[in-house]
Amino acid sequence: MSRWRPPAEKSTALITAQGHQRLKSELDELWRVRRPEVVKALAAAAAEGDRSENAEYTYRKKQLGEIDRRVRYLTKRLESLRVVDTVPTDPQAVFFGAWVELENVDSGDVSRYRIVGPDETDAGAGWISIDSPLARALLKKRVDDEFEVELPSGRTGFAILAVEYPGG
């Protein structure tokens, strides 16, 4: 059996100003605070002698590798991202950064989502990736438009109740 897997789809390189600031803060925290702490702990563990049976040393090496991997990813990702902090010329239509209020046409349930970049999605806050099927189906729609989208739970119909932009 082969281990080959198809390459992952390219994610959209858009991000809100708040999301960009959050990623920069995470990178700064990792580089200036967490990494020096782990390096110090690793040096202390290495000084204890036999590294082959030293669980603390092994743990700290692994932790340092994870931090370095995340730092490399964030450094590259921040360079490629484009910050979107303007309201579109047509604020009545759904575009990146919009808060959208939807009604499920079958159940009548009302939901509120914000369309954000893939690096800042948060299901609990209602932030969905612009790459998600629901966000793709929402793009360029307007208030009172109805549409159907294929979700993991099956084909679902929605009506758009409201569209608004932060700061707009």
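This is a short talk through one protein structure, moving from its two long-numbered helices to a handful of individual residues.

Before anything else, please keep in mind that what we are looking at is a predicted model, and that the residue numbers I use run from 1 along the chain.

Let me begin with helix α1, which covers residues 17-46 and so contains 30 residues. From its first C-alpha to its last, α1 reaches 42 Å, which is close to the 44 Å expected at 1.5 Å a residue. Along the way α1 bends by about 40 degrees, and the place of that bend is Leu-30. Leu-30 is also among the buried residues of α1, a list that includes Gly-19, His-20, Leu-23 and Leu-27, and further along Val-38, Ala-41, Leu-42, Ala-45 and Ala-46. As you look at those numbers, it may help to recall that an α-helix has 3.6 residues a turn, so residues three or four places apart point the same way. What covers the buried residues of α1? The cover includes β1, at residues 14-15, together with α2, at residues 55-80, and β2, at residues 82-83.

That brings us to α2, which has 26 residues and reaches 38 Å from its first C-alpha to its last, close to the 38 Å expected at 1.5 Å a residue. At the start of α2, a side-chain oxygen of Asn-54 comes to within 3.2 Å of the backbone nitrogen of Glu-56. The buried residues of α2 are Tyr-57, Arg-60, Gln-63, Leu-64, Ile-67, Val-71, Leu-74, Arg-77 and Leu-78, and what covers them includes α1. If you put the two descriptions side by side, α2 is part of the cover for α1, and α1 is part of the cover for α2.

Now I would like to turn to Pro-166, which is found in the segment after β7. With a relative accessibility of 39%, Pro-166 counts as partly exposed, because that label is used between 20% and 50%. In sequence Pro-166 and Ala-98 are 68 residues apart, while in space their C-alpha atoms are 7.4 Å apart. Leaving aside neighbours within four places in sequence, Pro-166 is in contact with Val-87, Gly-97, Trp-99 and Arg-114. Arg-114 deserves a second look, since its charged end sits over the ring of Trp-127, at 5.1 Å from the centre of that ring.

Trp-127 in turn leads us to strand β5, residues 127-129, where Ser-129 is found. Is Ser-129 buried or exposed? At 12% relative accessibility it counts as buried, because the cut-off for that word is under 20%. The side chain of Ser-129 reaches the backbone nitrogen of Asp-131 at 3.0 Å, and, again without the neighbours within four places, Ser-129 is in contact with Val-116, Gly-117, Pro-118, Thr-121 and Ala-135. Ser-129 and Ile-160, by comparison, are 31 residues apart in sequence and 18 Å apart in space, C-alpha to C-alpha.

Next comes the loop between α3, residues 133-138, and β6, residues 146-151, where Lys-140 is found. Most residues other than glycine have a negative phi. Lys-140, however, has a positive phi, near 70 degrees, although it is a residue other than glycine. Asp-144 has its place in the loop between α3 and β6 as well, and its phi, too, is positive, at about 80 degrees. As for accessibility, Lys-140 counts as exposed at 65%, and Asp-144 is exposed with a relative accessible area of 65%.

In strand β6 we meet Glu-146, which is exposed, with a relative accessible area of 61%. Leaving aside its neighbours within four places in sequence, Glu-146 is in contact with Val-105, Phe-158 and Ala-159. Glu-146 and Arg-35, on the other hand, are 111 residues apart in sequence and 50 Å apart in space, C-alpha to C-alpha.

Finally, Thr-156 has its place in strand β7, residues 154-164, and Thr-156 is buried, with a relative accessible area of 9%. Where does its side chain make a polar contact? A polar atom of the Thr-156 side chain lies 3.1 Å from the backbone oxygen of Gly-154. Beyond its neighbours within four places in sequence, Thr-156 is in contact with Asn-104, Phe-147, Glu-148, Val-149 and Leu-151.

Note on methods:
Side-chain values use heavy atoms; hydrogens and water are left out. Helices (H or I, at least four residues) and strands (E, at least two) are DSSP runs, numbered from the N terminus. The expected span of a helix is 1.5 Å times one less than its number of residues. The bend at a residue is the angle between axes fitted to the seven residues ending there and the seven starting there. Buried means under 20% relative accessible area, exposed over 50%, partly exposed in between (1.4 Å probe, protein chains only). Contact means heavy atoms within 4.5 Å. A charge sits over a ring if NZ of Lys or CZ of Arg is within 6 Å of the ring centre and within 35 degrees of the ring normal. A polar contact is a pair of N or O atoms within 3.5 Å; within protein, one must be able to donate a hydrogen and the other to accept it, and residues adjacent in sequence count only if both atoms are side-chain atoms.
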